[in-house]
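Here are some exercises to work through at your own pace. Try each task with the structure open, then follow the solution step by step.

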Protein chains: 2
Amino acid sequence: MGEFELIRRYFQRPAAALPAAVALGIGDDCALLRPAPGWQLAISSDMLVEGRHFFADVDPAALGHKALAVNLSDLAAMGARPLGFTLALALPAAEEAWLGAFSHGLFALADAHACPLIGGDTTRGPLNICITVLGEVWPGRALRRDAARAGDDLYLSGGTGLARLALELLRGTDWACQHSAPGALARLRARLERPAPRLALGQALAGLAHAAIDLSDGLAGDLGHVLRASGVGAEIELNQLPVATELLALPLPQRLECLLHGGDDYELLFCAAPADAAAVAAAAQTSQTPIRRIGRIGSAPGLRLLDAAGRAIALPGRSFDHFAAAAAPAAAAA
Amino acid sequence: MGEFELIRRYFQRPAAALPAAVALGIGDDCALLRPAPGWQLAISSDMLVEGRHFFADVDPAALGHKALAVNLSDLAAMGARPLGFTLALALPAAEEAWLGAFSHGLFALADAHACPLIGGDTTRGPLNICITVLGEVWPGRALRRDAARAGDDLYLSGGTGLARLALELLRGTDWACQHSAPGALARLRARLERPAPRLALGQALAGLAHAAIDLSDGLAGDLGHVLRASGVGAEIELNQLPVATELLALPLPQRLECLLHGGDDYELLFCAAPADAAAVAAAAQTSQTPIRRIGRIGSAPGLRLLDAAGRAIALPGRSFDHFAAAAAPAAAAA
């Protein structure tokens, strides 16, 4: 199967199925988009590498889903609406079963968000998936990292930590296996392999929230990017963090590691003025996305954790002994 | 050196240096572009893999140049003006000398075409470079592959074959070394490693030429894409094909292989109505790009070669014995 046959068979779809914003799809030197008048264009690229972002034996349908999901999550964090994406794919071999499942997982998510594949590239090489996603957002409404203000409330969609627990169960890490119920991996695996990008919430927050970021590397680290870009600090109220039952069963250090440094959560972390609390709640309801106020932005730099009594407690380090080895592959999206 | 330090040191440049079309560059979940009102957006992604598109010991500055050049060449073939690009980079290790040279080669070409780096991704992994380039073109003026018409003149910018000869010299292929002068590789290497995307010509032809494609896989094969997409055929007048001195020294079969199937030329092949011949010549002059009329488009499908007397001669196959092995790596951009 040559390159063109591969594209035709697994990735090209009828031009009639393309939305009006796509003037020209796969098959020419470039794709052509018609941006809506006045809107800005949001662009993000993510590269997924075997052994680093996924295991060699991952279900290819889940991989197709996740490769697009992590890019859509970047659009969500910007408050943008998806327009389309390109896919560049390096494959060691053209295996039909793999390609069929991968494209099925990819297109199921693309269709769910009306985000068509508009172009790309395929080549032989060590497995590598690079997606560039394009979206649109109204000028001045994008959720930038540098727009957090002292006094803002800090919010989190869904909750963190289960993707990391699933990863440790997949790896067979002692503490994860010892404190998890039988069948936990089967239940939690989708949190790691099939994240749901929070696009509806992101768009509902555009022009309302001040700053947002999607959580790929862990709550504490990603919040740090917002704090540095905005020149502010933050307090997280530990007892406001949503904690899933599976995480409650873990010893405290590992629980905090999952919650604060877990990675692969693909939730939105955002902040908004206290006066807009009702509008934020309405945005969550409109988008049918659970959110929780987990703290506030302050003017003193740095990140502080507060216990139930409002006392500062030490932020656990990213890697203590247990995780020295675990911190490397698959967990941290680059 | 961590990921963020690597980006800061080698790829992030002052926001002040960004053109007005870039509302937000590197450092957020997405970059933001302001498309000019009414213009369409042209998008292309290309992935370059070690051993397939370049040799492991290639000069990293040349690699930085070429990775962007092949993408800019896609914009040129569409008649589009560059707006910016994203870079996703998988690296086996963060080697400072390599990164310095690579980014230097990349930015030299980007600056020459006012095409800023607006975002991307870096990760550890087998060396892989994926660039997505964005440009703009006025609706209806894009040079599509499906717009060739019977009766059109067929044109070629520059000439073909020298990149392939350079590749064969690099490989030490017998026929290339036997028929080349000493020092030929040093002179020709840039044809393979530092192609010059024909952006000025492409933009001058937008709305004037009927169809265009950039030559990455060889003249005959790439012309075939235009013919199939347009439902037409073509005749090439062999004695009109520009032949560089170095190719004249080759035996005829190898000369034709280089001219017709060489690959990595990154020239523009385009067609236009005979009535527009003067306008096409003016576009070539304005853009300071040599072009040559090499044949015509006809209604009978397929590609025919004509000798000096106008007699059809057989099109040499893509790979005869000599090239059975040579056809595989590095030559053919995927």
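**Exercise 1. A salt bridge between two strands**

Task: In this predicted model, decide whether Arg293(B) is buried, partly exposed or exposed, then find what its salt bridge ties together.

Solution:
- Step 1. Start with the accessibility. Arg293(B) has a relative accessibility of 29%, so Arg293(B) counts as partly exposed.
- Step 2. Look for the partner. The side chain of Arg293(B) meets that of Glu237(B) in a salt bridge, with 3.3 Å from N to O. This falls within the 4 Å allowed for a salt bridge.
- Step 3. Place both residues. Arg293(B) belongs to strand β11 (residues 291-298) of chain B and Glu237(B) to strand β9 (residues 233-237) of chain B, so the pair ties together parts that are 56 residues apart in sequence.
- Step 4. Check the partner's surroundings. Glu237(B) has a relative accessible area of 22% and is partly exposed.

Keep one general idea in mind: side chains of opposite charge can pair when their charged atoms come close.

**Exercise 2. A salt bridge in chain A**

Task: Find which parts of chain A the salt bridge of Arg304(A) and Glu235(A) ties together.

Solution:
- Step 1. Take the distance. In the salt bridge of Arg304(A) with Glu235(A), the closest N and O atoms are 3.9 Å apart.
- Step 2. Find the elements. Arg304(A) sits in strand β12 (residues 302-306) of chain A and Glu235(A) in strand β9 (residues 233-237) of chain A, so parts that are 69 residues apart in sequence are tied together.
- Step 3. Add the accessibility. Arg304(A) has a relative accessible area of 25% and is partly exposed.

**Exercise 3. A salt bridge within one helix**

Task: Work out how Arg9(A) and Glu5(A) are placed in their helix.

Solution:
- Step 1. Note the contact. A salt bridge joins the side chains of Arg9(A) and Glu5(A), at 3.0 Å from N to O.
- Step 2. Count along the helix. Both residues lie in helix α1 (residues 3-10) of chain A, four residues apart, which is about one turn of the helix.
- Step 3. Bring in the general rule. An α-helix has 3.6 residues a turn, so residues three or four places apart point the same way.
- Step 4. Compare with the surface. Arg9(A) is partly exposed at 39% relative accessibility, and Glu5(A) is partly exposed at 26%.

For context, the structure holds 42 salt bridges over all chains.

**Exercise 4. Where two chains meet**

Task: Describe the interface of chain B and chain A: how many residues of each chain are in contact, and how much area is buried?

Solution:
- Step 1. Count the residues. On the side of chain B, 56 residues are in contact with 56 residues of chain A.
- Step 2. Take the area. The two chains bury about 4300 Å² between them, and 60% of it is on carbon and sulfur atoms.
- Step 3. Find the residues that lose the most. In chain B these are Asp29(B), Ile43(B) and Met47(B), together 16% of what that side buries.
- Step 4. Look at the charged pairs. The interface has four salt bridges. One of the salt bridges in the structure joins Asp28(A) to Arg145(B), with the closest N and O atoms 3.8 Å apart.
- Step 5. Locate the largest share. Strand β3 (residues 40-49) of chain B gives nine residues to the side that touches chain A, the largest share.
- Step 6. Sort by class. The side of chain B has 30 nonpolar, 13 polar and 13 charged residues.
- Step 7. See how strands cross over. Strand β2 (residues 31-33) of chain A runs antiparallel to β3(B), joined by three bridges. Ala31(A) has Ile43(B) as its bridge partner.

**Exercise 5. A covered strand and its neighbours**

Task: Find how many residues of strand β4 (residues 81-91) of chain A are buried, and which way its partner β6(A) runs.

Solution:
- Step 1. Count the buried residues. Ten of the eleven residues of β4(A) are buried.
- Step 2. Take one partner. Strand β6 (residues 128-137) of chain A runs antiparallel to β4(A), over nine bridges. Here Ala88(A) stands opposite Cys130(A).
- Step 3. Take another partner. Strand β5 (residues 117-124) of chain A runs parallel to β4(A), over seven bridges. In β5(A), Asp121(A) stands opposite Ala88(A).

Conventions: Residues are numbered from 1 along each chain as its sequence is written. Chains are lettered from A and ligands numbered from 1 in the order in which they are written. This is a predicted model: local features need pLDDT of at least 70, side-chain atom pairs count only at pLDDT 80 or more; totals for chains, interfaces and linings use all residues. Side-chain values use heavy atoms; hydrogens and water are left out. Contact means heavy atoms within 4.5 Å. Buried area is the accessible area (1.4 Å probe) that two parts lose on being put together, summed over both. Ala, Val, Leu, Ile, Met, Phe, Trp, Tyr, Cys and Pro count as nonpolar, Asp, Glu, Lys and Arg as charged, and the others, Gly among them, as polar. Two strands pair if DSSP finds at least two bridges between them. Buried means under 20% relative accessible area, exposed over 50%, partly exposed in between (1.4 Å probe, protein chains only).
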